[in-house]
Amino acid sequence: MTYFLQLTINAIALGSIYALTAVGYSMVYGILELVNFAHGSVFMLGAFSYYIFAVLVGLPWYLSFLITFILIGIVGFAYDRLTLLPLRRTNQPKFTGLICTLGVSIVLQNLVFVFMGSNTRQFPTFFEGRYLSLGPFNISFIQILIVCLSVAIMVALSLFVKKAKLGVAMRAVAQNSMASEWMGINVNSVVSLTFIIGSVLAALSGILSCMSFRSLDITIGSTIAIKAFTATVLGGIGNLGGAVLGAFIVAMAESYTAGFISSDMRDLSAFVILMLVLLFRPNGLLGKAVQKKV
Amino acid sequence: MKELLTVKNLSKSFGGIRAVSDIGLKVEEGQIVSIIGPNGAGKTTVFNLLSGFYSADEGEIIFDGKPVAGRRAYDFAHNGMVRTFQNLRLFKSMSVLENVLIGRQHVTRYTPLQMMFNTPKKRRMEQKDRAAAAELVAEMGMKDMLNVRCDGLPYGQQKKLELVRALATQPKLLMLDEPAAGLNPQESQELADFIFSIRDRGITILVIEHDMSLINKISDYIYVMNHGELLCEGTSDVVMNDEQVIEAYIGKGGAKRVSGN
């Protein structure tokens with residue numbers, strides 16, 4: 001039982017990271033009906049950017065965070081403007097956009113590979129790996145930080161989408177982009193904003209995840225991409241609450257698989273879940289059945 | 001009277017088909033102007049050209065003294081031109097108030113700093129925004145439904161909400177695409193009164209419609225189209241008694257019977 005609870009605690013911390021990433025996926029899908037396969041690469045790019053500024057340049061952590069967020073925000077903006085916007089302008093099918101995100105993902109990964117190489121690096125962390133002992137359980141400080149930060153960001157984000165003028169504009173564009181445009185909303189700016197927020201969230205979760213595992217290499221993006229994608233599909237793609245729920249389910253499955261079966265099998269659990277969801281509930285747990293208009 | 005919208009020699013072809021050819025229209029400030037015609041006459045194409053949805057092959061559209069060509073869709077609302085859709089395009093999972101607030105988005109603008117720090121001034125602006133939206137909803141007789149999710153409203157009310165949302169953008173010209181489609185005679189009568197009340201707010205209206213009784217009732221001036229061309233224009237008395245118009249609607253034999261030959 002103790003072992004089970006300890007695994008659950010680990011799963012909650014892991015789930016928070018997945019949730020931050022999955023929300024970015026879900027936001028972009030909600031607005032453009034496009035699965036952004038480059039999201040995982042942005043996650044990895046964020047972690048590398050922090051590493052470069054904090055370790056190689058030697059800036060203090062807060063400056064490294066700030067510079068990374070600004071930089072990745074610009075990357076997210078440029079990514080949409082330079083590659084996806086021209087496709088929308090010329091009314092290309094959605095499928096073309098999907099392939100385009102794959103292409104961007106490959107380009108980003110290889111850019112990092114060219115400049116940083118493929119070796120695994122040690123990632124700086126906070127609190128020197130100290131942890132809190134509550135009876136038989138160990139909770140590391142970094143895990144607590146990750147959970148608190150994620151909860152705070154989720155709450156802020158849901159308030160933003162619900163209340164703020166720009167948040168309302170985002171929901172309007174997601175529901176009917178043509179009518180929004182006619183009501184005087186600049187749809188392309190809203191899409192840019194979505195990409196900026198999504199990318200910054202991906203960068204943040206990339207940094208937090210590397211802080212928690214204390215290592216960094218160029219493949220972390222593709223693993224997280226599969227898991228966050230599973231989480232979004234599981235929760236119902238385009239649904240922010242669903243993305244968070246899905247993230248925790250995937251993290252729990254992964255944690256229990258590693259704990260009770262074998263740690264080699266941990267990544268397998270995400271794929272098994274993905275297949276089961278697609279077989280039995282293709283619209284996700286919280287997603288509604290979509291009727292395509294003909 | 002000032003001319004709010006002027007259209008000259010407008011033409012548009014799709015492949016080999018000339019959907020609209022050499023159309024000229026004038027809409028004066030404060031008028032209710034209608035475009036009618038049988039199915040396939042090119043009305044909707046004209047509407048889509050006017051609202052920038054298609055670009056014209058030839059011709060000129062001037063709104064409020066400025067040419068419309070090349071403008072982005074969201075610019076139309078900024079410049080005071082707004083349209084509704086034949087098939088409803090509401091934000092379904094939002095409340096009535098939220099839908100109307102979206103119409104006001106471009107009216108109220110904050111600076112990025114105000115947004116980031118949620119300044120008292122911004123909060124006051126937000127409150128004013130909500131109050132103004134709620135007032136508009138109340139004036140249009142939908143007060144009880146302010147916080148109802150709009151996909152729960154009856155169809156007639158949803159159509160009305162689309163009009164209220166369009167009004168929230170504070171337009172000079174309101175373009176209605178078949179506003180009476182799907183309404184029963186009672187609702188259609190209410191719609192006529194509603195359109196008059198909008199005109200009385202100082203808003204010019206351009207309507208495309210099939211429903212002849214509605215058109216007869218509300219129009220100051222009517223343009224009739226057939227096969228992509230203007231058939232006839234004038235006040236409702238002139239248009240309704242025009243032989244060509246009757247022929248276009250009910251065929252040659254019918255036209256003879258109507259005129260008593």
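# Exercises on a two-chain model

Skip the neighbours within four places in sequence, and Thr125(A) is left in contact (heavy atoms within 4.5 Å) with Ile142(A), Met211(A) and Arg214(A). Before we go on: this is a predicted model, where local features need pLDDT of at least 70, side-chain atom pairs count only at pLDDT 80 or more, and totals for chains, interfaces and linings use all residues. Residues are numbered from 1 along each chain as its sequence is written, chains are lettered from A and ligands numbered from 1 in the order in which they are written, and side-chain values use heavy atoms, with hydrogens and water left out.

**Exercise 1. Place Thr125(A) and find the backbone oxygen that its side chain reaches.**

Step one: look in the loop of chain A between strand S1 (121–122) and strand S2 (131–134); strands are DSSP runs of E with at least two residues, helices are runs of H or I with at least four, and both are numbered from the N terminus.
Step two: check the burial. Thr125(A) has 18% relative accessibility, so it counts as buried (under 20% relative accessible area; exposed is over 50% and partly exposed in between, with a 1.4 Å probe and protein chains only).
Step three: follow the side chain of Thr125(A) to the backbone oxygen of Met211(A), at 3.2 Å.

**Exercise 2. Describe how H9(A) packs against H10(A).**

Two packed helices are described by the angle between their axes and the distance between the axes.
Step one: take helix H9 (residues 220–235) and helix H10 (residues 240–261) of chain A; their axes come within 7 Å and cross at roughly 125°. The axes are lines fitted to C-alpha atoms over the stretch in contact, with angles from 0 to 180 degrees between N-to-C directions.
Step two: classify the angle. H9(A) and H10(A) are therefore oblique to each other (under 35 degrees is roughly parallel, over 145 roughly antiparallel, 65 to 115 roughly perpendicular, and the rest oblique).
Step three: get the hand. H9(A) passes H10(A) in a right-handed crossing (the near helix is turned clockwise from the far one by less than a right angle; anticlockwise would be left-handed).
Step four: list who meets whom. The H9(A) side includes Lys227(A), Thr230(A) and Leu234(A), and the H10(A) side includes Gly246(A), Val250(A) and Glu254(A).
Step five: sort the contact residues of H9(A) with H10(A), which split into six nonpolar, five polar and two charged (Ala, Val, Leu, Ile, Met, Phe, Trp, Tyr, Cys and Pro are nonpolar, Asp, Glu, Lys and Arg charged, and the others, Gly among them, polar).

**Exercise 3. Repeat the job for H9(A) and H11(A).**

Step one: the axes of H9(A) and helix H11 (residues 266–280) of chain A come within 10 Å and cross at roughly 30°.
Step two: this time H9(A) passes H11(A) in a left-handed crossing.
Step three: among the contact residues are Ile226(A) and Phe229(A) of H9(A), plus Phe271(A) and Leu274(A) of H11(A).
Step four: the tally for H9(A) with H11(A) is ten nonpolar, two polar and two charged.

**Exercise 4. Work out whether Ser26(A) is buried or exposed, and what it contacts.**

Step one: find Ser26(A) in helix H1 (residues 2–32) of chain A.
Step two: Ser26(A) has a relative accessible area of 1%, so it is buried.
Step three: beyond four places in sequence, its contacts include Thr232(A), Asn239(A) and Ala243(A).
Step four: the C-alpha atoms of Ser26(A) and Phe229(A) sit 8.8 Å apart, with their positions 203 residues apart along the chain.

Technical notes. A polar contact is a pair of N or O atoms within 3.5 Å; within protein, one must be able to donate a hydrogen and the other to accept it, and residues adjacent in sequence count only if both atoms are side-chain atoms.
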